[in-house]
Structure formats: C-alpha cells, structure tokens
Amino acid sequence: MSIISFKGFSYVGKFVKVPIVQCFLARNASIKNEVQNVDVVATTAEKSLSEEEVKAICDKSRLNHGHRNMVNGRVPYDKPVHRYHNTVKYKRKMYGRYGDASNVSPGLAWPTAEDLEDIREYESIAYPLTIQEMQKNALELIESERQEIQTNQQRIDNNMKKLNGWLKEVKEKSAKKLLDAQQAKEKKERLIEEVKKHFGYKIDPKDDRFKEMLVKREKEEKKKVREEKKKVREEKLLNYLDSKAK
C-alpha cells in the first residue's frame with residue numbers, strides 16, 4: 001500500500017509502479033500564473049513487476065498490438081484474429097515476409113492440384129496459342145511492318161524524284177497567274193482609254209455613262225474572243241477532216 005499527500009489531503013490505495021520510483025506531480029493552478037509547490041512523495045510497491053508489464057507501462061506509441069509488432073519486425077498476431085487470417089493468401093504473405101517465425105508450413109507456397117488445374121484452364125483460354133505459334137505470328141508481324149516501311153520509303157523516294165517537276169509546275173502556274181493578271185489589267189486600261197476616246201473629252205470614270213459604255217465594250221471584247229476561239233476550232237476540225245479524207 002502507498003500513501004500520497006497532496007494539498008493537505010491524504011490518499012491510501014494500491015499503486016503498482018516500478019519499484020522505488022519518485023513521482024513528481026506539478027500543476028499550474030493559479031490564475032495569476034503562480035506556481036504552487038507540490039509535495040514530492042516517494043512511493044514503493046509491494047511486489048516486483050514482470051518485464052512484459054514494465055514494457056506495457058513504458059509503451060507510449062498508442063499502437064495496437066498487431067501494428068506494434070509490425071513496426072518492430074515481428075509477426076502481427078500469434079493466432080488468427082480476423083477471418084482472412086486463415087486464408088492461404090495471407091499465410092503465404094506471412095511466410096514470405098517473416099519466414100519460419102510466422103509458424104506457417106512452407107508447403108503452402110506451392111499450388112495444390114486444384115490450383116494447377118485452374119491455372120491450366122485459365123492459360124488455355126487466355127493464351128490458346130502455343131509458343132511456336134506465337135513466335136510465328138510475331139515473325140509475320142515483324143515482316144509485315146518491315147514491308148510496310150520499305151513501301152513507304154519507296155514512295156518517298158519516288159516523290160523526291162518528282163519534286164523538281166512539281167516545283168517547275170508550281171512556278172509555271174504562278175508565272176501564268178501573274179501574266180493573266182497583268183494582261184487583265186492592261187486590257188482594262190485599254191478599254192478605259194477606248195471609252196474616253198469614244199466620248200472625245202475627259203470624263204469621270206465614276207460617271208454612269210462611262211460605266212455603261214465600259215460594260216458594253218467589255219461585252220464586245222468577250223464576244224470577239226469567243227468568235228476567235230470558235231474560228232480556231234473550226235479550222236482544226238477542217239484540218240482533221242482533210243487529213244481523214246486523204
């Protein structure tokens with residue numbers, strides 16, 4: 001039994017502590033932040049504690065038994081606690097991590113006859129082809145990809161050979177467009193000059209009479225061009241008929 005005196009009160013009870021341990025109790029009870037003196041009482045225990053009891057008292061981690069064992073590198077539980085602790089998967093995991101200390105038979109690491117049958121059935125469905133067939137398909141795929149690459153490379157080489165011709169065509173088309181634009185501009189200017197000469201005096205191009213006359217001259221010019229093209233076609237047709245008659 002131990003007796004503790006605190007603030008004039010005495011308490012008699014049974015306190016189990018590590019033998020010959022001094023308990024220092026301090027508390028700030030004053031509103032004015034005045035520290036009160038606390039009696040320091042030496043207590044003794046009637047019996048000695050075991051090593052396990054001392055460790056339990058000193059443990060301040062607040063971890064449960066299983067987690068504390070895992071942190072210290074020990075098997076979490078000495079006996080099954082949850083339902084999955086009896087599963088083969090869990091026991092294999094424990095043996096793989098802790099070895100013989102897990103108290104698990106090493107034979108559980110090997111599949112049973114039923115497990116082997118399930119594995120064979122799964123592989124027959126998931127991988128129906130043999131290794132030789134898979135190798136053959138892989139080689140065929142590699143050859144197909146190689147031929148596709150070769151075909152693309154040949155197409156690129158042929159296009160590179162035609163590149164100069166394409167560049168020449170682009171330049172010719174660009175030059176033709178510029179020439180057509182220049183001719184159209186010159187034609188427009190010529191028609192404007194002809195309209196001005198038609199009136200015989202200087203006239204504003206925005207004038208309605210000028211615009212009407214310009215439209216009329218453009219129609220006449222287009223008609224003239226069509227007639228020239230028609231004449232050329234007729235001449236070609238006559239030449240063709242003459243060559244056939246001969």
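Me: Why are helices α5 and α6 called oblique to each other?

Reply: Let's set the angle against the cut-offs. In this predicted model, α5 (residues 131-199) and α6 (residues 208-245) pack at about 125°. Roughly perpendicular covers 65 to 115 degrees, and roughly antiparallel begins over 145. An angle of about 125° fits neither range, so the pair falls among the rest, which count as oblique. The axes of the two helices are 10 Å apart, and α5 passes α6 in a right-handed crossing.

Me: Which residues of α5 and α6 meet?

Reply: On the α5 side you will find K187, K188, R190, L191, I192, E194, V195, K196, H198 and F199. Their partners in α6 are R209, F210, M213, L214, R217, E218 and E221. Sorted by kind, the residues of this contact comprise nine charged, seven nonpolar and one polar.

Me: What makes up the largest nonpolar core?

Reply: Six residues do: L191, V195, F199, F210, M213 and L214. To join such a core, a residue has to be buried and linked through side-chain atoms within 4.5 Å. Both helices take part, since α5 and α6 each supply at least two of the core's residues. Have a look at L214 in the structure: beyond its neighbours within four places in sequence, L214 is in contact with K188, L191, I192 and V195.

Me: How do you know whether E221 is buried or exposed?

Reply: Compare its value with the cut-off. The relative accessible area of E221 is 16%, and buried means under 20%, so E221 counts as buried. This residue lies in helix α6. Leaving out residues up to four places away in sequence, E221 touches K187, R190 and L191.

Me: Why does R62 count as exposed?

Reply: The same kind of check works here. R62 has a relative accessibility of 83%, while exposed means over 50%, so R62 counts as exposed. You can find R62 in the loop between α1 (51-58) and α2 (65-71).

Me: And why does N103 count as exposed?

Reply: N103 reaches 70% relative accessibility, again set against a cut-off of over 50%, so N103 is exposed as well. Its place is the loop between α3 (88-98) and α4 (113-126).

Me: What makes the phi angles of R62 and N103 worth a look?

Reply: Most residues other than glycine have a negative phi. R62, a residue other than glycine, has a positive phi, near 65°. N103 is not a glycine either, and its phi is near 60°, also positive.

Me: How many helices and strands are there in the chain, and in what order do they run?

Reply: The chain has six helices and four strands. Starting from the N terminus, the order is β-β-β-β-α-α-α-α-α-α.

Me: What share of the chain is buried?

Reply: Of the 246 residues, 10% are buried. As for contacts between residues at least 6 apart in sequence, 26% join residues at least 24 apart.

Conventions
Residues are numbered from 1 along each chain as its sequence is written. This is a predicted model: local features need pLDDT of at least 70, side-chain atom pairs count only at pLDDT 80 or more; totals for chains, interfaces and linings use all residues. Side-chain values use heavy atoms; hydrogens and water are left out. Axes are lines fitted to C-alpha atoms, for helices over the stretch in contact, and angles run from 0 to 180 degrees between N-to-C directions. A crossing is left-handed if the near helix is turned anticlockwise from the far one by less than a right angle, and right-handed if clockwise. Contact means heavy atoms within 4.5 Å. Ala, Val, Leu, Ile, Met, Phe, Trp, Tyr, Cys and Pro count as nonpolar, Asp, Glu, Lys and Arg as charged, and the others, Gly among them, as polar. Buried means under 20% relative accessible area, exposed over 50%, partly exposed in between (1.4 Å probe, protein chains only).
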